[in-house]
Amino acid sequence: QLHLVESGGGLVQPGGSLRLSCAASRIVFSAYTLAWYRQAPGKPRELVAHIEYGGTTHYADSVKGRSTISRDNDKNMLYLQMNNLKPDDTATYSCNALIGPPTPGGGRGYWGQGTQVSVSS
């Protein structure tokens with residue numbers, strides 16, 4: 001069983017930055033594809049970014065150029081640096097670990113409980 005815990009969410013003004021973290025409890029963390037999803041109230045879950053076990057990264061158009069996903073396999077950590085935040089980025093952000101590519105709406109693999117990001121002036 002892989003246990004994931006997110007942190008780093010909060011309230012930030014438009015244009016601000018946040019760094020989300022996801023800590024994993026299992027030593028074979030490096031074998032997994034890792035992803036960040038978000039879900040805003042009344043909207044479907046959205047794949048924000050993912051990073052393959054080899055380090056290749058992928059981003060949704062909505063965050064491309066403003067966000068950076070990274071992983072530290074030695075520390076079993078996943079990160080999402082988000083810059084120039086917009087009100088539309090307001091959502092609960094969850095990390096996901098799975099074998100193989102993530103799907104747009106998620107569902108497979110292991111999940112954390114989520115961390116809330118609110119962007120408002």
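Two strands pair if DSSP finds at least two bridges between them. With that in hand, welcome to this predicted model. This briefing walks through an open sheet of four strands, one disulfide, a nonpolar core of 28 residues and the buried residue Asp89.

**The four-stranded sheet**

- The sheet is open, and its four strands run in the order 1-3-8-7 with antiparallel pairing.
- At the edges sit strand 1 (4-7) and strand 7 (67-72), each of which pairs on one side only.
- From one strand to the next, the twist averages 15°.
- Six bridges join strand 7 to strand 8 (residues 77-82), and this pairing is antiparallel.
- To find your bearings in strand 8, look for Leu78, which stands opposite Arg71.

**The disulfide**

- The count of disulfides comes to one, formed by Cys22 and Cys95, with their sulfur atoms 2.0 Å apart.
- This bond links distant parts of the chain: Cys22 belongs to strand 3 (residues 18-24) and Cys95 to strand 9 (residues 91-98), and the two are 73 residues apart.
- The disulfide is right-handed, because the torsion about the S-S bond of Cys22 and Cys95 is about 55°.
- Cys22 has a relative accessibility of 2%, so this residue counts as buried.
- Cys95 is buried as well, with a relative accessibility of 0%.

**The largest nonpolar core**

- In soluble globular proteins, nonpolar side chains tend to be buried together.
- Here the largest nonpolar core holds 28 residues, and those touching the most other members are Trp36, Leu78, Leu80 and Tyr93.
- Two or more residues of this core come from each of strand 3, strand 4 (33-39), strand 5 (46-51), strand 8, strand 9 and strand 11 (115-119).
- Leu80 is a good residue to click on: setting aside residues up to four places away in sequence, Leu80 touches Leu18, Arg19, Leu20, Trp36, Val48, Ala49, Ser67, Thr68, Ile69 and Tyr93.

**Asp89, a buried loop residue**

- Asp89 lies in the loop between strand 8 and strand 9.
- Is Asp89 buried or exposed? Its relative accessible area is 2%, and buried means under 20%, so Asp89 is buried.
- The side chains of Asp89 and Arg66 make a polar contact at 2.8 Å.
- Apart from neighbours within four places in sequence, the residues in contact with Asp89 are Arg38, Val63, Arg66, Met82, Asn84, Val117 and Val119.

Notes. Residues numbered from 1 in each chain as written. Predicted model: local features only at pLDDT ≥ 70, side-chain atom pairs only at ≥ 80, totals over all residues. Heavy atoms only, no water. Axes fitted to C-alpha atoms, helices over the stretch in contact; angles between N-to-C directions. Disulfide = S-S within 2.5 Å. Buried < 20%, exposed > 50% of the residue type's maximum accessible area, 1.4 Å probe, protein only. Core = buried A, V, L, I, M, F, W, Y, C linked by side-chain atoms within 4.5 Å. Contact = heavy atoms within 4.5 Å. Polar contact = N/O pair within 3.5 Å; in protein donor to acceptor, adjacent residues only side chain to side chain.
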